[in-house]
Amino acid sequence: MRETATTLASSELTSLYRQYGPYIYARCARLLGDRSAAEDATQETFMRVHRHLHKAPDHNHALAWIYRIATNYCLNVIRDRALHHQIEHGIPEADGDDLQVSLTNRDVVARIVARCPAKLCVPAWLHHVDGLDHGEIARVLGISRRTVLNRLAEFADRSRKFLARSEP
């Protein structure tokens, strides 16, 4: 009986990887900006999918679920990079006073993301870096559009405070 369950899980994982692997790799490459790191992140994402396959939603919602796993993993990698960079070099000054201009700067967003909880970082990254609109973010994360707006507003508030502290 156990062998049959293992075979079914392996078959399900293979199916998910074949169907969604290229999308997840592209997502990781966009977030991390490095093909090698994206390959590692894609592999780690599907290892996590395998560990939590029993929690997997149906195929209609599987991509959003795997996308969230990949996004959270990549944001953790970015946070680790930012923390490592911060330890070595300190935080550089933000470019300009305008929040929108600063948020379009990937480095500034990465530094801010490193200091925020995932519930704020993921929607902020999807909006400011990936360019998704509020409805798209809500669908990807499985939350309401209103929640997306609230989290983006909280992220913007934290960003203003971070940028104010970073200025000379």
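This passage describes salt bridges in a predicted model and the exposure of the residues that form them.

A search of the whole structure identified 4 salt bridges. One of these joins the side chains of Arg 48 and Glu 44, with a distance of 2.9 Å from N to O. Both residues belong to helix H2, which covers residues 35-51. Arg 48 and Glu 44 are 4 residues apart, a spacing of about one turn of the helix. The two partners fall into separate classes of exposure: Glu 44 has a relative accessibility of 18% and counts as buried, because buried means under 20% relative accessible area. Arg 48, by contrast, has a relative accessible area of 28% and is partly exposed.

Glu 44 also takes part in a salt bridge with Arg 51, in which the closest N and O atoms are 3.2 Å apart. Arg 51 is partly exposed, its relative accessibility being 48%.

A further salt bridge was found in helix H8, which spans residues 145-166. Here the side chains of Arg 158 and Glu 154 meet at 3.7 Å, N to O. Arg 158 and Glu 154 are 4 residues apart, again about one turn of the helix. Arg 158 is partly exposed at 34% relative accessibility, and Glu 154 is likewise partly exposed, with a relative accessible area of 32%.

Salt bridges with shared partners connect Glu 44, Arg 48 and Arg 51 into one network. Within this network, Glu 44 is bridged to Arg 48 and to Arg 51.

Note on methods: Residues are numbered from 1 along each chain as its sequence is written. This is a predicted model: local features need pLDDT of at least 70, side-chain atom pairs count only at pLDDT 80 or more; totals for chains, interfaces and linings use all residues. Side-chain values use heavy atoms; hydrogens and water are left out. Helices (H or I, at least four residues) and strands (E, at least two) are DSSP runs, numbered from the N terminus. Buried means under 20% relative accessible area, exposed over 50%, partly exposed in between (1.4 Å probe, protein chains only).
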